[in-house]
Protein chains: 2
Amino acid sequence: MKLYGWMTAPNPRRAKIFVAEKGIGLEIFEASDPGNPGELSAEYCEKYPHRRVPLLELDDGDWIGEAAAICRYLEALYPDKPLMGRAPKETAIIEMWDRLAEWEGLMAVSEVFRNTHKLFAGRGLAGYDRDIPQIPELAERGNFRLGLFFDKIDKQLGRHEFLAGDRFSFADITALCAIDFSISRRLPIPENCAHVIDWHGRVSARPAISG
Amino acid sequence: MKLYGWMTAPNPRRAKIFVAEKGIGLEIFEASDPGNPGELSAEYCEKYPHRRVPLLELDDGDWIGEAAAICRYLEALYPDKPLMGRAPKETAIIEMWDRLAEWEGLMAVSEVFRNTHKLFAGRGLAGYDRDIPQIPELAERGNFRLGLFFDKIDKQLGRHEFLAGDRFSFADITALCAIDFSISRRLPIPENCAHVIDWHGRVSARPAISG
């Protein structure tokens with residue numbers, strides 16, 4: 001199998017961290033165009049017409065896209081060190097928090113990034129080969145939502161050691177990738193979110209993440 | 001267990017169809033405010049602070065939100081008539097298509113609806129208790145994306161009987177809920193998408209959906 005990512009983009013990073021946490025030996029390839037690293041390569045887009053990252057290419061030539069689908073597939077193949085739940089209820093609570101982190105966190109910071117960064121003028125949304133204009137109001141809305149996301153997970157992390165309960169899970173990986181992407185865009189964790197700051201330090205120090 | 005929905009909203013409908021297809025006997029409750037059916041009830045929002053639908057309340061009082069997490073939980077409890085895959089690769093391909101249908105179809109039509117309907121002025125996005133202004137450019141973008149979504153799934157349905165392959169799955173349910181919501185907003189399936197029109201007729205005639 002081959003895993004394809006794209007530079008520092010947060011969705012491929014979810015898969016890369018998942019693989020590292022579980023200790024899966026998987027070669028990771030770059031999907032960007034060597035001549036223009038701000039674009040996916042033509043070869044990649046031909047392979048995967050949905051034009052999104054990450055992508056898992058199977059040994060039979062079939063492919064699986066979408067970070068969560070890739071990670072769930074790897075979890076089934078490599079059940080040791082489970083990150084998506086050990087029983088149906090735990091799995092469901094992890095998926096709920098993963099989706100909230102994706103929808104309210106990762107999507108919010110992506111709205112800020114894609115609708116303001118000059119490199120992405122005309123590419124306001126991932127996955128399209130047409131012109132998608134940037135929408136300044138959407139960047140503003142993303143920024144507002146991001147603040148509410150920090151408040152929401154600060155409450156949750158005040159009650160639990162990790163986002164979906166008392167074990168590190170895929171939901172933490174998604175939230176970390178959203179927040180690190182936010183920090184890289186100079187949108188740091190608000191100072192009053194002490195639980196998030198504490199959690200961020202603990203999670204960032206994990207060998208699979210700091211290494 | 002109790003399943004909560006909200007009138008004709010597409011995400012609760014995904015869960016309702018899933019339950020009907022599998023023949024699970026589950027009581028379904030309405031989350032809207034009886035005095036103001038355009039709003040979730042205060043009681044519901046207190047129970048589920050993420051303010052989204054559907055919601056599954058377990059017998060132990062815990063709850064699971066997010067349609068996909070709820071359906072995956074029910075699939076684990078009631079494995080007969082599998083709708084989320086019988087083996088890891090099939091499961092992954094269904095999840096990939098389900099997420100594409102959610103992201104490129106359901107989110108697109110929701111962007112049109114939430115950013116144009118006068119009942120949702122100041123409520124441009126589900127899940128928030130703050131004012132979220134409508135963004136007319138986002139409605140336009142949603143409409144544009146919806147056209148590309150129809151083209152994409154028309155190609156896929158020209159190659160396969162159903163969205164994720166040759167068996168009806170949760171991905172078909174999500175695409176159907178997105179498309180029926182689109183039709184209800186007077187955005188019909190484009191006439192040149194013959195494969196989608198054929199699939200829509202076949203899927204709509206299933207007893208769990210037409211009944």
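**View 1. Lys2(B) and its partner across the strands of this predicted model.** In this close-up of the predicted model, Lys2(B) stands opposite Glu57(B), a residue of β5(B). The strands concerned are β1 of chain B, which covers residues 2–5, and β5 of chain B, which covers residues 55–57; they run antiparallel and are joined by 3 bridges. Strands of a sheet pair through backbone hydrogen bonds, and they may do so either parallel or antiparallel.

**View 2. The open sheet of chain B.** In chain B, 4 strands come together as an open sheet, following the order β2-β1-β5-β6, and their pairing is mixed. The edges are taken by β2 (27–30) and β6 (63–65) of chain B, each of which has a single partner strand, so one side of each is left without a neighbour in the sheet. On average, and with direction ignored, neighbouring strands of this sheet are turned by 25° against each other.

**View 3. Helix α3 of chain B packed on the sheet.** Helix α3, made of residues 67–77 of chain B, packs on this sheet and touches β5 and β6 of chain B, while the direction of the helix makes about 125° with that of β6(B).

**View 4. The two chains around their axis.** Chain B is superposed on chain A by a rotation of 180° with 0.0 Å of shift along its axis, at an RMSD of 0.0 Å, and that is the relation of a two-fold axis. Within chain B, the C-alpha nearest the axis belongs to Leu138(B) and lies 3.9 Å from it. The same surface serves both copies, for 100% of the contact residues of chain B recur in chain A.

Note on methods:
Residues numbered from 1 in each chain as written. Chains lettered and ligands numbered in written order. Predicted model: local features only at pLDDT ≥ 70, side-chain atom pairs only at ≥ 80, totals over all residues. Pairing = 2+ DSSP bridges. Helix = DSSP H or I, 4+ residues; strand = E, 2+ residues; numbered from the N terminus. Axes fitted to C-alpha atoms, helices over the stretch in contact; angles between N-to-C directions. Contact = placed C-beta atoms within 7 Å. Least-squares fit on C-alpha atoms with pLDDT ≥ 70 in both.
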